[in-house]
Amino acid sequence: MGRPPFLFNVTVKSPIDIRMNENKFAKKIVCVGAGYVGGPTMVVIANKCPDYKVTVVDISEERINAWNSDELPIYEPGLKDRVDKARGKNLFFSTDIDRNIDEADIIFVSVHTPTKTFGEGAGKASDLQYIEQTARRIKENSTSSKIIVEKSTLPVRAAETMASILHSGANSVRFEILSNPEFMAEGTAIRDMEEPDRILIGSHDTVTGNAARDELLKIYLKWVPREKIITTNLWSSELSKLVANAFLAQRISSINSISALCEVTEADISEVAGAVGRDSRIGSKFLEAGVGFGGSCFRKDLLNLVYLCEYYKLDDVAKFWSSVVEINDNQMERFVNCILKTMFRTLVDKKITIFGFAFKPDTGDTRDSPAIYICKRLLEEKARLSITDPHAISNAKKDLTGIDGTAEFVENPYEAAKGAHCLALITGWSEYLSLDYQKIFDSMLKPAFIFDGRNHLDHQKLFEIGFNVYPIGRPPLTHI
Ligand code: UDX
Ligand code: UDX
């Protein structure tokens with residue numbers, strides 16, 4: 001069976017500018033896409049390879065300006081420090097995509113690949129329009145051969161599609177495509193890149209494929225031990241990225257499904273996860289039950305996997321991975337239902353304070369955050385929301401724009417909780433551990449409820465203060 005049908009659009013050709021003579025660099029790397037993945041990845045490469053010129057380009061002038069300023073467009077511990085070390089020396093940020101493409105020896109493609117919202121495969125397949133636009137732009141502006149590195153997460157066999165665009169028409173320039181997926185998580189991106197569990201490089205097993213792979217290996221070997229670098233064929237590498245995210249998400253849905261069983265049997269999900277995770281074959285990570293996973297990758301990559309399986313008529317396999325998404329959706333709905341049921345089956349005009357809107361702590365990123373779904377559902381029930389988060393309020397405002405209902409956004413958690421009927425904790429920020437919950441309790445309506453969607457707080461202590469406490473996967477502690 002051939003490759004899945006991808007959609008292609010056309011971009012406008014720009015003239016190639018005069019090149020600067022910068023022969024002092026061993027090689028020139030360009031990364032298209034200055035986002036959460038492209039930015040930090042290139043910052044680390046520039047720090048580790050001072051003899052390489054690294055230029056990050058993006059269609060967004062606003063983003064590039066931010067990378068060139070003191071207010072970087074994303075927050076990652078350690079990022080600013082590393083930008084300061086390399087920017088202007090061997091690290092550059094630019095909107096001049098075409099000239100930089102032509103100058104490059106190696107081009108990383110790190111544009112985003114969201115879930116399609118229209119047409120064939122809507123709601124599942126990856127929207128590859130930006131990948132295609134980038135491939136066309138590379139082709140149109142290249143006067144010398146280049147290595148193209150897929151950094152974006154792509155469907156398996158996407159490199160075949162890129163190759164057909166790059167090698168179409170009369171252009172005699174040759175491109176060798178590699179897959180080098182990124183496994184960094186937000187909040188730990190710099191550490192993940194500097195001390196990776198593994199680096200994965202997929203290439204074609206041909207003379208030119210192996211030569212390109214060795215060029216990329218040379219970069220990583222500057223700081224990553226050889227035994228941590230895995231080399232595979234291109235399709236295995238592309239698929240491994242989707243599968244790694246699917247496995248991580250599956251563990252979360254597995255433990256969340258068991259949390260539902262704990263709630264009706266009086267077993268405690270933390271004790272179960274602790275006991276199960278002690279088996280070294282299972283391992284203890286990614287077994288924290290909660291309101292469900294969020295972030296820009298898990299849902300998107302699972303849906304993409306489901307789409308690919310359906311495309312190849314592997315319906316049972318598709319169903320299996322689809323159920324991971326369903327359990328996640330159910331978990332968010334179970335949380336809303338628990339609030340509704342506990343609060344006497346009506347939320348009309350009740351003030352609910354939301355603690356945390358980011359998809360996880362230590363980031364302001366709210367992409368696919370469970371908070372979005374949960375807040376929309378609570379607003380549907382006509383609750384009044386008071387939303388607080390240490391870093392995600394501006395994104396939260398955007399996410400809830402146009403939604404009917406009353407939602408206020410309050411920086412100070414004490415202010416947010418004043419006069420509330422209940423608190424719903426959705427993001428496990430460390431800031432929430434050290435709040436004065438007696439003060440919060442005193443300012444709330446009684447009976448006061450806390451729904452801890454991340455099992456983050458000290459439940460016994462809250463109960464002793466007077467709260468009715470509803471954890472995930474554990475019996476509630478109630479006074480009523
Ligand atoms: C990345 C990956 O590329 C994606 O496949 C993966 O699944 C998640 O991580 P991310 O870095 O999070 O995406 O995306 P984003 O922060 O949105 O950055 C993408 C950047 O590419 C944006 O700054 C956007 O302006 C830029 N872009 C997009 C281009 O420069 N050219 C385009 O044609 C499209
Ligand atoms: C993820 C992958 O971890 C990373 O390897 C990949 O490159 C990109 O996608 P990220 O989305 O930044 O990274 O966050 P991650 O730490 O994996 O958390 C994702 C979601 O799962 C969050 O909403 C988090 O709260 C949730 N989660 C995580 C749980 O609910 N329970 C857990 O035990 C772990």
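Tutor: Before we look at the second largest pocket, note that Ala, Val, Leu, Ile, Met, Phe, Trp, Tyr, Cys and Pro count as nonpolar, Asp, Glu, Lys and Arg as charged, and the others, Gly among them, as polar. Please keep in mind as well that this is a predicted model.

Student: How do the residues of the lining of the second largest pocket divide by class?

Tutor: There are 8 nonpolar, 2 polar and 5 charged residues in that lining. The pocket holds about 330 Å³ of space, and of its 15 lining residues the closest to the centre are E263, R334, C338, K341 and Y470. Glu, Arg and Lys belong to the charged class, so E263, R334 and K341 are counted there, while C338 and Y470 are counted as nonpolar.

Student: Which elements give two or more residues to the lining of the second largest pocket?

Tutor: They are helix 9, which covers 234-265, and helix 12, which covers 315-342. Helix 12 supplies the largest share of this lining, with 5 residues.

Student: What makes a space a cavity, when another is called a pocket?

Tutor: In a cavity the 1.4 Å probe fits but cannot get out, whereas a pocket is an open set of points. The structure holds 4 cavities of 30 Å³ or more, and the largest of them has a volume of about 70 Å³.

Student: Which residues line the largest cavity?

Tutor: The lining is made of E263, Q331, R334, F335, C338, F451, Y470, P471 and I472. By class these are 6 nonpolar, 1 polar and 2 charged residues; Gln is in neither the nonpolar nor the charged list, so Q331 is the polar one. The largest share of this lining, 4 residues, comes from helix 12.

Student: How do you know that D58 makes a polar contact with ligand 1?

Tutor: An N or O atom in the side chain of D58 is 2.5 Å from an oxygen atom of ligand 1, and a pair of N or O atoms within 3.5 Å is a polar contact, so this pair qualifies. By the same cut-off K300 qualifies, because a side-chain N or O atom of K300 is 2.5 Å from a ligand 1 oxygen. T153 qualifies through its backbone, because a polar atom there is 2.9 Å from an oxygen of ligand 1. The protein buries 92% of the 690 Å² that ligand 1 exposes when taken alone.

Student: Which residues come nearest to ligand 1?

Tutor: Of the 20 residues around ligand 1, those are D58, R63, V111, T113 and K300. The shell has 6 nonpolar, 10 polar and 4 charged residues, and helix 5, residues 129-141, gives the most to it, with 3 residues.

Student: Why is the pair formed by R454 and ligand 2 called a polar contact?

Tutor: A polar side-chain atom of R454 lies 3.3 Å from an oxygen atom of ligand 2, and the pair is counted because that distance is within 3.5 Å. Backbone atoms take part too: a polar one of M184 is 2.8 Å from an oxygen of ligand 2, and an N or O atom in the backbone of F359 lies 2.8 Å from a ligand 2 oxygen. On its own ligand 2 has 670 Å² of accessible area, and the protein covers 88% of it.

Student: What classes make up the shell around ligand 2?

Tutor: The shell has 11 nonpolar, 2 polar and 6 charged residues, and its largest share, 4 residues, comes from helix 9. Of the 19 residues around this ligand, F183, M184, E186, E288 and F359 come nearest.

Terms used: Residues numbered from 1 in each chain as written. Chains lettered and ligands numbered in written order. Predicted model: local features only at pLDDT ≥ 70, side-chain atom pairs only at ≥ 80, totals over all residues. Heavy atoms only, no water. 1 Å grid on protein atoms, 1.4 Å probe; cavity = no way out; pocket = protein on both sides within 12 Å on 5 of 7 lines; lining within 4 Å. Points joined across faces, edges and corners; volume = space filled by probe spheres on them. Near = heavy atom within 4 Å. Polar contact = N/O pair within 3.5 Å; in protein donor to acceptor, adjacent residues only side chain to side chain. Areas by Shrake-Rupley, 256 points an atom, 1.4 Å probe, with all protein chains shown as cover.
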